[in-house]
Structure formats: C-alpha cells, structure tokens
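Morning, everyone, and thanks for making room for me. I'd like to walk you through one model today, so please have the picture open while I talk.

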Amino acid sequence: MSAQLDNLTNLQPVEGFDSPNTMHFISLLCDDHDCASLNEVTLSLDAPKVETQCVGCRKPIKIKMKAFGYAFTKEDSDKKEFTPLLQFRCTQGFAPLYYTFDDDWQAEVESTGATVPVVGLSDNKELHHDINDEDGNPIGKIYNLETAFVPKSAWETD
Ligand SMILES: [Zn+2]
C-alpha cells in the first residue's frame, strides 16, 4: 500500500491489521479465460484460507493470507514507496488484482494524537480524502492512495 498522509499516521483497519476480525476483500483474476468477472474473496486472520471455484471456469482456487500486523505510518507516507502490509498465496493461474477498502478504517491525528474514523477509502489516486473533526474542521488528508500486489517467489509455507 502507498499513500500520502497529511497530519495523519497509523492508517489501518479499525481493529488493526493484526486483529483476527479484520476483513480483507480481494479480487482475483483467472488467467484461463477471458472472463470479465473477478473472483471476490474475503479473508481474515481468523479465516486466513479460502477455497472456492472460479466464477468463470469453475477451476478450484485456494488463497491464503498473512498480515504483518502494523499500520501505515506518516514515515511510510514520506518514503513514497509501497509498504507491504499483507501477503497472499494463491493457486497458480490466479492473481490477486484489487484490494477493496470495505471494512472500517481509522487514522491517528499527528498534532493531537486523537483517533479518527476513515470511511470511503478507495484505491483511486485521483481521490482526496479530507478528514474533518467533529465540528467539520479539516484536520488531515489522505491522497494518492494505491494498493498493488507484488509477486514474491519465496514465501514460507506452514
Ligand atoms: Zn477461471
């Protein structure tokens, strides 16, 4: 994940990346057919493995997730690089394509240390998320939010 944070740090799902309850929504693309429909799976640390079938060709899919357990910080934002937060392993022939920010997220305001809810996050570089306090005053900003899946050849098995 990569993003620019203004006056914010520790952007993460409300319960944290390391919570068994945090849901992660992934879309997988099957490379066996020209199917526009993506395979959507939901994973959590409580249920880190999903076995299903491709919605297009019925080929079995297995996917497994691991979370690193830390939040996206202002330091990560300043580096302007992608920070690995989750790792996935899936059946050959499928590739994770999209991460959907469907669960509730939060961030910490740098100047006050307060935790604020972050809703409606979207993997769209064009979108600016203005974070306001209870009175509607701007207190921070999230922009240039991007997620990417990077292949990693060596991932330990269990
Ligand atoms: Zn398929």
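I'll start with the whole chain, then go through the strands, the cores and one loop residue.

Before anything else, please remember that this is a predicted model.

So, what is the chain built from? It has one helix and twelve strands. Reading from the N terminus, the order is β-β-β-β-β-β-α-β-β-β-β-β-β, so if you are looking for the helix, you'll find it after six strands, with six more following. The radius of gyration is 17 Å, close to the 15 Å from the globule rule for 158 residues, so the chain is as compact as a globular protein of that length. Along its principal axes, the C-alpha atoms fill a box of roughly 50 × 35 × 25 Å. Buried residues account for 23% of the 158. And if you take the contacts between residues at least 6 apart in sequence, 57% of them join residues at least 24 apart.

Now please find strand E3, residues 24-30. Which of its residues are on the covered face, and which on the uncovered one? His24, Ile26, Leu28 and Cys30 are on the covered face, while Phe25, Ser27 and Leu29 are on the uncovered face. E3 has pairing partners to look at too. With strand E4, residues 39-43, E3 pairs in the antiparallel sense over five bridges, and there Ser27 has Glu40 as its bridge partner. With strand E8, residues 94-100, E3 also pairs in the antiparallel sense, over six bridges. In that pairing, Cys30 stands opposite Phe94.

Let's move to another group of strands. Here we have an open sheet of three strands, in the order E2-E9-E10, paired antiparallel. At the edges are E2, residues 8-13, and E10, residues 115-118, each pairing on one side only. On average, neighbouring strands of this sheet are turned by 25° against each other, ignoring direction. If you zoom in on E9, residues 105-109, and E10, you'll count four bridges in the antiparallel sense; Gln106 has Pro117 in E10 as its bridge partner.

On to the inside. As a reminder, nonpolar side chains tend to be buried together in soluble globular proteins. The largest nonpolar core here has 15 residues, and the members touching the most others are Ala3, Leu8, Leu11, Val118, Ile131 and Ile142. Which strands feed that core? E1 (2-6), E2, E9 and E12 (138-146) each supply at least two residues, and E12 gives the most, with three. Let me pick out Ala3. Setting aside neighbours within four places in sequence, Ala3 is in contact with Leu11, Phe72, Ser77, Ile142, Asn144 and Leu145. Apart from this core lies another, of eleven residues, and Leu28, Cys30, Val41 and Ala67 are among them. You'll recognise Leu28 and Cys30 from the covered face of E3.

Last stop: Val119, in the loop between E10 and strand E11, residues 129-132. Is Val119 buried or exposed? Val119 is exposed, because the number of other C-beta atoms within 10 Å is 10, and the cut-off for exposed is 12 or fewer. Val119 and Trp105 are 14 residues apart in sequence, yet their C-alpha atoms are 6.3 Å apart in space.

That's my tour, and I'm happy to take questions.

Conventions. Residues numbered from 1 in each chain as written. Predicted model: local features only at pLDDT ≥ 70, side-chain atom pairs only at ≥ 80, totals over all residues. Buried ≥ 20, exposed ≤ 12 C-beta atoms within 10 Å, placed from the backbone. Pairing = 2+ DSSP bridges. Axes fitted to C-alpha atoms, helices over the stretch in contact; angles between N-to-C directions. Rg over C-alpha atoms; globule rule 2.2 N^0.38 Å. Contact = placed C-beta atoms within 7 Å. Core = buried A, V, L, I, M, F, W, Y, C linked by C-beta atoms within 7 Å.
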